[in-house]
Amino acid sequence: ASILEDMAKEAGLPWTPKLAAHTQKTVLSAYNLPEDATSISYAEMTAVVHHFRRVPRAIAQEPIKVAILGGGAFGTALASAVARRGHDVVVLMRNEELEHVEAINKTHKNTMCFGDIELPENIRATTDAEQALEGVKLIIHAIPVQFSLGYLNSIKQYIPPTVPVVSTSKGISSRTLEFMNEVMTSALGPDHPTAFMSGPSFAKGILLSEPTTVSLASAKMDVARDVQMLVSSPTFRTYTTSDVAGMEVTGSLKNVLAIAVGVVDGLGMGPNTQCGFVTRGWKDIYALAKAHGGSDVSMIGLAGMGDLILTCYGGMSRNNKFGQCLAKGETKEEAIKSVGQIVEGLPTAGAAIRLAEKLNVDVPVLSAVNEMLEGRLSAMDMVNFVMTMPLEDEFVC
């Protein structure tokens, strides 16, 4: 216990007797060490050292080059989070965004989004894919799903075959019904190391160093854990999971529910109605996730319930705002213009219904939302449809 305390203080970590007992128990159980040892053994010391090596540090011991694909809100936020760890960060942007590239390089501000927030000086931007990806050790993909396949195909010749690519994009391809893991496999091949990031994480909060927690999923857990150690810090914590399918479904479809909550809010209905829609809509998403091969535990995790709560009630969701605009009488085109950003839930809604039909899954709430988005139901009729479905048991065991 005293060694744990000394190492914790050396690392600048908070420490109390209660935390000491918890940490000691964690270390002992993780390495099957006896609780009644009177002196520390080599195995115990090794366990303690390994434990503290996995404590997220503000500054990386071995900085690397990281490329961020996409200079939008989330790409900029992750560039900032990674750069604060001391990594050399390059943001790859489009030729049409050259003025914003120059602003990042000269003023350390991204004038395309969050132009009032100064970025770390070790972030630079470019439109040259070969330059951005030369010598890179980690790639973070922050391009909207609907454009991802074409984008990756256009630069894949510069992506080193052993460098992990982490996707932060959420949605279903409206053309192929593929999630991002399938899109990346199509572009990069089945053997390329990939991971997927999701969780309650608005871009602005990350930029402002608000403590943020997300999940990293990969079919190869060693890839997820390597990325975890590279990007985690005391203000940006990551957990790992192998449930790629569950993360992809929940991360994509919560945007559709956020539109529904925005509609209900825009109609002047309170938390009774909103929470009912979220809960029953979450049942639809659960059914789709299970049919797609997802795990139960992802539904209650950061990428599931965590991201759902943030997107529906966090106050900064573009999908929620889009729903509010629709409820107030704006057309889809007018609502998109009012939001001023890509509304991921809009193309995802239709794709989700087609996927549900393919998997033979009943998703009444998601269907009602899509019917409204397709113009076949009014906002009020969407609510009435859900409220007047035939009565049934809540759970079918």
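Q: Which residues in H12 are met by Val249, Thr250, Leu253 and the other contacting residues in H11?
A: In this predicted model, the H11 side of the contact consists of Val249, Thr250, Leu253, Lys254, Leu257, Ala260, Val261, Val264 and Asp265. The residues of this contact divide into 12 nonpolar, 4 polar and 2 charged. On the H12 side, the partners are Thr273, Gln274, Phe277, Val278, Gly281, Trp282, Ile285, Leu288 and Ala289.

Q: Is H11 roughly parallel or roughly antiparallel to H12?
A: Helix H11 spans residues 244–266 and helix H12 spans residues 271–291, with their axes 10 Å apart. The two pack at an angle of about 155 degrees. Angles over 145 degrees count as roughly antiparallel, and therefore H11 is, relative to H12, roughly antiparallel.

Q: What is the handedness of the crossing in which H11 passes H12?
A: The contact under consideration joins residues of H11, such as Leu257, to residues of H12, such as Phe277. Where H11 passes H12, the crossing is right-handed.

Q: Which element gives the largest share of the largest nonpolar core?
A: The largest nonpolar core has 48 residues. Elements giving two or more residues to this core include H12, helix H14 (302–313) and helix H17 (345–359). The largest share, 10 residues, comes from H11.

Q: Which residues have the most contacts inside the largest nonpolar core?
A: Leucine 288 touches Val249 and Leu253, as well as Ala352, Leu355, Ala356, Leu359, Val361, Val363 and Leu366, not counting residues up to four places away in sequence. Within the core of 48 residues, those with the most contacts are Leu288 and Leu366.

Methods: Residues are numbered from 1 along each chain as its sequence is written. This is a predicted model: local features need pLDDT of at least 70, side-chain atom pairs count only at pLDDT 80 or more; totals for chains, interfaces and linings use all residues. Side-chain values use heavy atoms; hydrogens and water are left out. Axes are lines fitted to C-alpha atoms, for helices over the stretch in contact, and angles run from 0 to 180 degrees between N-to-C directions. Helices (H or I, at least four residues) and strands (E, at least two) are DSSP runs, numbered from the N terminus. Angles under 35 degrees count as roughly parallel, over 145 as roughly antiparallel, 65 to 115 as roughly perpendicular and the rest as oblique. A crossing is left-handed if the near helix is turned anticlockwise from the far one by less than a right angle, and right-handed if clockwise. Contact means heavy atoms within 4.5 Å. Ala, Val, Leu, Ile, Met, Phe, Trp, Tyr, Cys and Pro count as nonpolar, Asp, Glu, Lys and Arg as charged, and the others, Gly among them, as polar. A nonpolar core is a set of buried Ala, Val, Leu, Ile, Met, Phe, Trp, Tyr and Cys residues joined through side-chain atoms within 4.5 Å. Buried means under 20% relative accessible area, exposed over 50%, partly exposed in between (1.4 Å probe, protein chains only).
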